[in-house]
Amino acid sequence: MAEGGEGEELLRPPLPAGAPGPKRLCSRACPAGGTGAVHPRPGASLLQPESLLDAAAKRVAGSWAFERVEGRFQRIPEPVQRRIVYWSFPRSERQICMYSSFQPGPPPPAAPAAPQGEGLPFRRGIRLLETGAVDNVLQVGFHLSGTVTEPATATEPEMTYKVAISFDRCKITSVTCGCGNKDIFYCAHVVALSLYRIRKPDQVKLRLPISETLFQMNRDQLQKFVQYLITAHHTEVLPTAQKLADEILSSNSEINQVHGAPDPTAGASIDDENCWHLDEEQVREQVKLFLSQGGYYGSGKQLNSMFAKVREMLRMRDSNGARMLTLITEQFMADPRLSLWRQQGTGITEKCRQLWDELGALWVCVVLNPHCKLEEKSCWLRQLRKWGEMDVCPLEDGNYGNELPNITNALTQSSGHSQDSLARPRRTVFTRAIEGCDLHWQDSHLQRIISSDFYVSPSYQREGESLLFNSQGQPLWLEHVPTACARVDALRSHGYPREALRLTVAIINTLRLQQQRQLEIYKHQKKELLQRGATTITNLEGWVGHPLNPIGCLFLTLTEACRLEEENCLEISDAGDSKPPVYQHVPVVTGSQDGDESYLSLALEVALMGMGQQRVMPEGLYAQDKVCRNEEQIIARLQDLELDAVLVQTLRKQCILLLEGGPFSGLGEVIHRESVPMHTFAKYLFSALLPHDADLAYKLALRAMRLPVLETTAPSGDVTHPHHLVSVVPSRYPRWFTLGHLESQQCELASTMLTAAKGDMLRLRTVLEAIQKNIHSSSLIFKLAQDAFKIATPADSNSDTTLLNVALELGLQVMRMTLSTLNWRRREMVRWLVTCATEVGVRALVSILQSWYSLFTPTEATSIVAATVMSHNTILRLSLDYPQREELASCARTLALQCAMKDPQNCALSALTLCEKDHIAFETAYQIVIDAASTGMTYTQLFTIARYMEHRGYPLRAFKLASLAMTHLNLAYNQDTHPAINDVLWACALSHSLGKNELAAIIPLVVKSVHCATVLSDILRRCTMTAPGLAGIPGRRNSGKLMSTDKAPLRQLLDATISAYINTTHSRLTHISPRHYGEFIEFLSKARETFLLAQDGHIQFAQFIDNLKQIYKGKKKLMLLVRERFG
């Protein structure tokens, strides 16, 4: 308990802002002697027992206001007064530290110095003290003053600041410093002066309150005193001195109606609240500033530090804890974003949501203070209700209703749900604190639990007492679990760690009994539940992710009792780096016979019980996200535990119970369809158990792989409350906002098992079956396949065949899953599978080539799979002999032909390429192309294959394909930039090179398909420049003569070209604009060149021009240009 009566410190409503320091009225002091300084005997406290005077003065100084001492005794000897005044200053550096830094904990006696101007005020204060910066220290009554000198820096000169501190009952009640500090915390100069007084009390001049000194003076001395004081400070005090003199001389003035006069050094009056100085205005300003930053620039971290400071104050039983929390809450409620979010209908941001949660949890702690007065609780209740009734007050679970039981409900929970669940009352972040105001600590059984380690059941139990103890006689606490844990948190937070531990042990014994009874219930229902394959039993209120964080609270309470504190571990660090905690086993102090139990093993046990609880997924994105986040937080703390033999035994025992727990365990054989998955938890358990009990580790992890909510149909008997039934109808999983995260955790669990099972074919096969059965996302299975491949093929050693085969099998499953669905990563997946199959060996490649139709599209099979398999790199990688190469090539050719038959448009060219080295296969592929040419293939595809055929040395086949392509083509008069023009020119050039017969065959096709005059003229010009038949085909004779345009086949082409020019001219003149006149004249010039190729071409062109002049005589300017050029 705290010294000097602080154990009974009560939380009170905050003082009004700017309340004055203690300046009570003093009229007459008891007679006293001299005024010399009092120095305690150096080392006396170490060499001999404390004197009775010091013991009594110390007790009185910490508990009573000095006015009460004066009122109680008519005469107080001066030595007694001096010792009371001496002991009234705070004695603990921990409290100075608390009010001058965010980090909790007292400093060491001689903390290492930090560079000047750096770090927290407390560290800087120690630095100033140790460098001798404190001087002129004087204690007058309950007032301490001194100067602190900041040394010069590169940018600032040396500065000396005057510091004044008022104190009462071992608390600093007001501070002032010349530095003008604007912060929640005391500045470094106040810290330096305070620590000087604590560490070097014998070097401080001590005087009694100034009123005592004045009382000893006669009239002359008083007059001299006042005149000297005014002279010393005449510019500051003269106006005030004159004003006071006028009032004193006026008999009717207010000052003469009051007995006595104020004395700032005389301590507080009986009515003054005794609490540490807290700058309320600065608290408000700082919180407002942090909130305005919206969680950016570390403001969220700063606000969490302020919450931690509140908890620290509560633990010290400092009334400022509740006072500071009230100030913080007022600013939170005044946050303008609340009304904005409400108007827009958007949820609070996640960072803010977490801060609000902590705020609500802190208020639960405050109202459950076991030593608060009824009027204090009533005051808090009024304030909490007022905040809760405001429209902008955030709800407990975001924008969704809440179906969690009231905080005061009993332990037993019903699996059913009332029909009026849709009309639930509005629950805000303060609702649990409001409900907490109804709880009390007067229960006699509860009082006995928390007051003694050895409270056991009596030998003769009275009626009803059997429910209060287990079979070993240990006390139980039958209360709604989160509420019971909130009591533990309150005890721990208010500085009652032993009491919190005792209640924690009682709660764990209750949970054990509950677990035992649930196992018995399950044994009777096991056959029926296993037949049905589902259960209706699940907790609507999960302990993980609960607003009161019950499991985290019990775990922290137990581990704090086992934590090993290193030397100087409480030193305030500027860097803020934290080492992982170190724990030791501390035996549970209890009346039972089980001597093996430690608080550390209990911490592990309760964490496992809570995490393994089967519970329904809560509603709303935030509530679901909170479940995941809380689970990760608990697991992170579990990973700090070093598992020794005792903890491994606890782990194994609890894991077996979880596996056998049926519907009450999330790892039981049957679970509710919408139960929270156990993947993250199981991953921790698997890794922790694997070195000690591999069979149990795999059994547990394989059981946890399931994700029932993703199964396509709900099993029969899956009946839950009406609110959840609605959600099953529209789609499979409408309410699971965190499904993506949960599936990724399922994948992580599978990956962990695959890694551990490397080299063990039996285990790998079991894990593979679990993956294929339970994971429904192709991208996650692909990730697992890639992970397995990476682990199986380390860079510095040989490949692991077993794991490689698993990777291949997973890859094949991904191929089958994504074959008929769109997936942007499909090409990457196909390439990876070929790489994996190559690594496995030639048999795997043969297998995927032979079963391509169930794995790949025809395009993928030919362009990626077969092409990669047949590449030179693959053959080198596998070091294949000739028969193996032939086998692969044969499979690839078979695949190519099958693909070409199925999808000739996209696969024909690839098939021809793959079959190049086999004449029969190549001929078959060519025939497939010819058969498909008239139906499904486009001119582009046919031209591409035709060019390939020419490149391979098959010009006649190329000609045939080009002719087929021409039948699909249609070039309009104005398509002079069409992409197929190059193909048409190439086809005509090929025909021309083959000979007159081929040219004669293709020209009718050209005339029929091409209506663009410029293209036709280009073809005509090329055909007249050289003689046909230059390809030199064996068996043919080349005449070497140029072809005439007057004879077939060029005559037909010439007529078509002239006709195209005439039609194009009329088409262009229909919509021509003046800016295109010049271009049109050039077009006519080209037309004339073509006309002149005919025997009577000049006559035809002249007639054509005359027709134009007649038809378009309205276009005078254009016709004038025509006359100028063509006559």
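These legends go with a set of close-up views of one predicted model.

**View 1. The whole chain, before we zoom in.**
Let's start with the overall numbers for this predicted chain. There are 47 helices and nine strands in the chain. Of its 1127 residues, 51% count as buried. Now take the contacts with a separation of 6 or more: 74% of them involve residues 24 or more positions apart. As for the outside, the chain exposes about 53800 Å², and carbon and sulfur atoms supply 53% of that area.

**View 2. The largest nonpolar core and one of its residues, Leu754.**
How many residues does the largest nonpolar core have? The count is 295, and the residues with the most contacts inside this core are Ile328, Phe332, Trp363, Phe430, Leu754 and Phe856. Pick out Leu754 and look at what surrounds it: leaving aside residues up to four places away in sequence, Leu754 touches Leu764, Val767, Ile771, Leu784, Ala788, Leu803, Val806 and Leu810. There is also a second, separate core of 10 residues, and Met617, Val709, Leu710 and Leu742 are among them.

**View 3. Helix H29, a helix with two sides.**
Helix H29 runs over residues 761-774. With 14 residues at 1.5 Å a residue, H29 should span 20 Å, and its end C-alpha atoms are indeed 20 Å apart. Which residues of H29 are buried? They are Leu764, Val767, Leu768, Ala770, Ile771 and Asn774. These residues cover an arc of only 160° around the axis, so they sit on the same side of H29. Over on the other side of H29, Leu762 and Lys773 are exposed. If that pattern looks odd, remember that an α-helix has 3.6 residues a turn, so residues three or four places apart point the same way. The buried residues of H29 pack against helix H26 (694-704), helix H28 (739-756), helix H30 (778-792) and helix H31 (801-818). Two of the contacts of Leu754 that we saw in View 2, Leu764 and Val767, are also buried residues of H29.

**View 4. Helix H33 and its cover.**
Helix H33 takes in residues 842-850, and its buried residues are Val842, Ala844, Leu845, Val846, Ile848 and Leu849. What covers them? The cover includes H31, helix H32 (826-840), helix H34 (858-869), helix H35 (872-878) and helix H36 (882-902). You've met H31 already, as one of the helices that the buried residues of H29 pack against.

**View 5. Helix H7, wrapped up by the rest.**
Here is helix H7, residues 188-199. Its 12 residues should span 16 Å at 1.5 Å a residue, which agrees with the 16 Å between its end C-alpha atoms. H7 is largely enclosed by the rest of the structure, because 11 of its 12 residues are buried. The buried residues include His189, Ser194 and Arg197, along with Val190, Leu193 and Ile198.

**View 6. Asn136 and Arg317, two residues with positive phi.**
Most residues other than glycine have a negative phi. Asn136 is not a glycine, yet its phi is positive, at about 55°. You'll find Asn136 in strand E2 (residues 134-140). Is Asn136 buried or exposed? Its relative accessibility is 52%, so Asn136 counts as exposed. Arg317 also has a positive phi, near 55°. Arg317 lies in the loop between helix H12 (299-315) and helix H13 (320-333). At 12% relative accessibility, Arg317 counts as buried.

**View 7. Arg427 and its partner Glu435.**
Look in the loop between helix H16 (374-388) and helix H17 (431-436) to find Arg427. Arg427 has a relative accessible area of 10%, so it is buried. Its side chain makes a polar contact of 2.8 Å with the side chain of Glu435.

**View 8. Val1015 and Thr173, each with a residue from farther along the chain.**
Val1015 belongs to helix H43 (residues 1013-1025) and is buried, with a relative accessible area of 4%. Not counting neighbours within four places in sequence, Val1015 is in contact with Ile981 and Val1010. Thr1057 is 42 residues away from Val1015 along the chain, but their C-alpha atoms are separated by 8.7 Å. Thr173, in strand E5 (residues 171-177), is buried too, at 17% relative accessible area. From Thr173 to Phe142, 31 residues apart along the chain, the C-alpha separation is 10.0 Å.

Notes. Residues are numbered from 1 along each chain as its sequence is written. This is a predicted model: local features need pLDDT of at least 70, side-chain atom pairs count only at pLDDT 80 or more; totals for chains, interfaces and linings use all residues. Side-chain values use heavy atoms; hydrogens and water are left out. A nonpolar core is a set of buried Ala, Val, Leu, Ile, Met, Phe, Trp, Tyr and Cys residues joined through side-chain atoms within 4.5 Å. Buried means under 20% relative accessible area, exposed over 50%, partly exposed in between (1.4 Å probe, protein chains only). Contact means heavy atoms within 4.5 Å. Helices (H or I, at least four residues) and strands (E, at least two) are DSSP runs, numbered from the N terminus. Accessible areas come from the Shrake-Rupley method with a 1.4 Å probe; for residues, only the protein chains shown count as cover. A polar contact is a pair of N or O atoms within 3.5 Å; within protein, one must be able to donate a hydrogen and the other to accept it, and residues adjacent in sequence count only if both atoms are side-chain atoms. The expected span of a helix is 1.5 Å times one less than its number of residues. The arc is that of the directions from the helix axis to the C-beta atoms.
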